[in-house]
Amino acid sequence: LTKPVTVTINPLPILTITDPSAVCSPSTVNLTAAAVTAGSNLFGGSLSYWTDAGATIALGTPAAVTTGGTYYIKATSGSGCTAIKPVTVTINPAPILIITNPTAVCAPSTIDITAAAVTSGSTLYGGSLSYWTDAAATIALASPAAVATSGTYYIKATSGIGCTTIASVTVTINPLPILTITDPAGVCSPGTVNLTAAAVTSGSNLFGGSLSYWTDVAGTIVLATPTAVTTGGTYYIKATSGTGCVTIKSVTVTIN
């Protein structure tokens, strides 16, 4: 007696893998994107995503992979046949940009934000720095080595493979005191002259600072009695702002 027997050999899924494009951290990679498995034929089946070649440990977030490495895609056909292939995810690190705001200066001094101390501790991964006036890094800062105006500027670190990090840096250039001097009226001896009188420095702006009185232009020898100067000559008034900036000007005392 002869009877027929039917043999069924179901095809394996055809699984074609194209590694996704590299991204820069903190961006993620979507392994479920159609482009990753374009050209595959699942024969009515489906895909699943795994961290190991044996497909025993499921990948938690295949649509948002945060760590570079090799993962595995498993194709299961409608008849239960399977194919597993690796896929490589590349997530390049963004530069680590550490900013230390430069020390404040007094006008007309400038600040060099290209100085190594400003970005000390940063890691550029073989890249470089650039300097900008806006947070989006679209308007270049013309003279980053000699910034003359207080404000917030931006440093952009670009790694060797093109990943970027932007951080702000604060520049503080404190104004000099505005010292306006009006020489006091002459007096006759034995009269004295009061250099601390408001009229002598009327119109000045000390920016929260104070005045001191000296016999030399460098402001090193104190004038002992600025409220009662007994000898005609040139003296010096020093204005020191609240932030320590200094302006020195001469004042002439006339005692006839």
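Let me begin with strands S11 and S12, which pair in the antiparallel sense over five bridges; strands here are DSSP runs (E, at least two residues), numbered from the N terminus, and two strands pair if DSSP finds at least two bridges between them. Before going further, I should say that this is a predicted model, in which local features need pLDDT of at least 70 and side-chain atom pairs count only at pLDDT 80 or more, while totals for chains, interfaces and linings use all residues. Residues are numbered from 1 along each chain as its sequence is written, and side-chain values use heavy atoms, with hydrogens and water left out.

Within the pairing of S11 and S12, Ser212 stands opposite Lys238 in S12. Strand S12, residues 233-240, also pairs with S13 in the antiparallel sense, over eight bridges. Along that second pairing, Gly233 stands opposite Val253 in S13, and Tyr235 has Val251 as its bridge partner in S13. The hairpin of S12 and S13 has five residues between the strands, and in this hairpin Gly244 takes a positive phi near 90 degrees.

Put together, these strands form an open sheet of three, in the order S11-S12-S13, with antiparallel pairing. Why is one side of S11 and of S13 left without a neighbour in the sheet? Strand S11 (210-214) and strand S13 (246-253) stand at the edges, each with a single partner strand, so one side of each has no neighbour there. Neighbouring strands of this sheet are turned by 25 degrees against each other on average, direction ignored, where the axes are lines fitted to C-alpha atoms and angles run from 0 to 180 degrees between N-to-C directions.

Now to the largest nonpolar core, meaning a set of buried Ala, Val, Leu, Ile, Met, Phe, Trp, Tyr and Cys residues joined through side-chain atoms within 4.5 Å, with buried defined as under 20% relative accessible area, exposed as over 50% and partly exposed in between (1.4 Å probe, protein chains only). Of its 16 residues, Leu31, Tyr71 and Val89 touch the most other members, and the elements that give two or more residues to this core are strand S3 (69-76) and strand S4 (82-89). Leaving aside its neighbours within four places in sequence, Leu31 is in contact (heavy atoms within 4.5 Å) with residues including Pro20, Tyr49, Tyr71, Val87 and Val89.

Finally, Thr6 is found in the segment before strand S1 (23-24), and Thr6 counts as exposed, at 72% relative accessibility.

Note on methods
Helix = DSSP H or I, 4+ residues; strand = E, 2+ residues; numbered from the N terminus.
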